[in-house]
Amino acid sequence: MVRQDYRQQVLKLLFDVGKRGMSAALLSKHVYNLNSTFFFQPDIDEIHRWVWSYLNRNSKSKRALVERTSRHGYYRLSKRGLAFMRQQQLLT
C-alpha cells in the first residue's frame with residue numbers, strides 16, 4: 001500500500017470531522033477499513049504505527065497541516081490544513 005494514500009485518507013477524515021477532531025486510534029481504524037478488501041487485509045499494527053508517526057511528525061511545527069486538540073490523543077486539521085483541503089477539493 002502506498003503511504004501517500006494513507007496521508008490523503010487521514011487528511012480527508014480529519015476534514016470530515018471538523019473542529020472537534022478525532023482520536024489517533026479511531027483514525028487508524030478508519031484507514032484500515034478504507035484499505036481492507038475481501039482479498040487483501042493490511043496489517044492493522046503497521047497502519048496504527050504509521051498514523052501515529054504521521055500525526056506526531058506533522059503536528060509539531062507552526063506550519064503543520066495537523067494540530068493537537070485539548071483532548072489527549074485527538075488531532076484535527078489546522079487552519080492551514082483546512083485551506084489546503086478546500087483547495088484540493090476544488091481541484092478534483
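Guide: Quick definition before we start: a residue is buried under 20% relative accessible area, exposed over 50%, and partly exposed in between, using a 1.4 Å probe and protein chains only. This is a predicted model, where local features need pLDDT of at least 70, side-chain atom pairs count only at pLDDT 80 or more, and totals for chains, interfaces and linings use all residues. Residues are numbered from 1 along each chain as its sequence is written, and side-chain values use heavy atoms, with hydrogens and water left out.

Visitor: Which side chains of strand 3 are buried, and which are not?
Guide: Tyr75 and Leu77 point to one face and are buried, so each falls under 20%. Tyr74 and Arg76 point to the other face and are not buried.

Visitor: Why do side chains alternate like that?
Guide: Because in a regular strand they alternate between the two faces of the sheet.

Visitor: How do you know that strand 2 and strand 3 pair?
Guide: Strands (E runs in DSSP of at least two residues, numbered from the N terminus) pair if DSSP finds at least two bridges between them. Three bridges join strand 2 to strand 3, so they pair, running antiparallel. In strand 3, Leu77 is the bridge partner of Val66.

Visitor: What makes strand 1 and strand 2 edge strands?
Guide: Each pairs on one side only; the order is 1-3-2 in an open sheet.

Methods
Helices (H or I, at least four residues) and strands (E, at least two) are DSSP runs, numbered from the N terminus.
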